[in-house]
Amino acid sequence: FTVAEKIISIKNLIRENKHLKFSELFEEDQTKSELINIFLAVLELLKLQIIKVVQTSAFAEIEIFENDK
């Protein structure tokens, strides 16, 4: 899949759930390019201020939320 496709996918997940863990975006059998595309999609959504990410402490799970505009 492409970065654009993953952006749409993540936006839909966030709209449905309002919250998800960063690790939930990844599966064991994904290729390196798929992992990179997911990460780039998250960065793009952050840049567009569609999502926000929170990590409560070092090494804690990164959580993704819909940005309250």
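Buried means under 20% relative accessible area, exposed means over 50%, and partly exposed falls in between, using a 1.4 Å probe and protein chains only. The legends below come from a predicted model, where local features need pLDDT of at least 70, side-chain atom pairs count only at pLDDT 80 or more, and totals for chains, interfaces and linings use all residues. Residues are numbered from 1 along each chain as its sequence is written, and side-chain values use heavy atoms, with hydrogens and water left out.

**View 1. The whole chain, with its 2 helices and 3 strands.** Walk along the sequence and you meet the pattern α-β-α-β-β. Helices (H or I, at least four residues) and strands (E, at least two) are DSSP runs, numbered from the N terminus. The C-alpha atoms fill a box of roughly 30 × 25 × 20 Å along the principal axes. For 69 residues, a compact globule would have a radius of gyration near 11 Å, and the chain's 12 Å agrees with that. That radius is taken over C-alpha atoms, and the globule rule is 2.2 Å times the number of residues to the power 0.38.

**View 2. Inside and outside of the chain.** Of the 69 residues, 22% count as buried. Take the contacts (heavy atoms within 4.5 Å): among those with a separation of 6 or more, 51% link residues 24 or more positions apart. About 4900 Å² of the chain is exposed, with carbon and sulfur atoms supplying 55% of it. Those areas come from the Shrake-Rupley method with a 1.4 Å probe.

**View 3. Lys18 meets Glu66 in a salt bridge.** A salt bridge here is a side-chain nitrogen of Lys or Arg within 4 Å of a carboxyl oxygen of Asp or Glu, and the count comes to 2. In the pair shown, the closest N and O atoms are 2.9 Å apart. Lys18 sits in the loop between helix 1 (3–17) and strand 1 (19–21), while Glu66 belongs to strand 3 (residues 63–66), so the pair ties together parts that are 48 residues apart in sequence. Lys18 is partly exposed, at 49% relative accessible area; Glu66 is partly exposed too, at 24%.

**View 4. Glu44 pairs up with Lys47.** Here the closest N and O atoms of the salt bridge are 3.6 Å apart. Both residues lie in helix 2 (residues 32–47), 3 residues apart, or about one turn of the helix. Glu44 is partly exposed, with a relative accessible area of 26%, whereas Lys47 counts as exposed at 60%.
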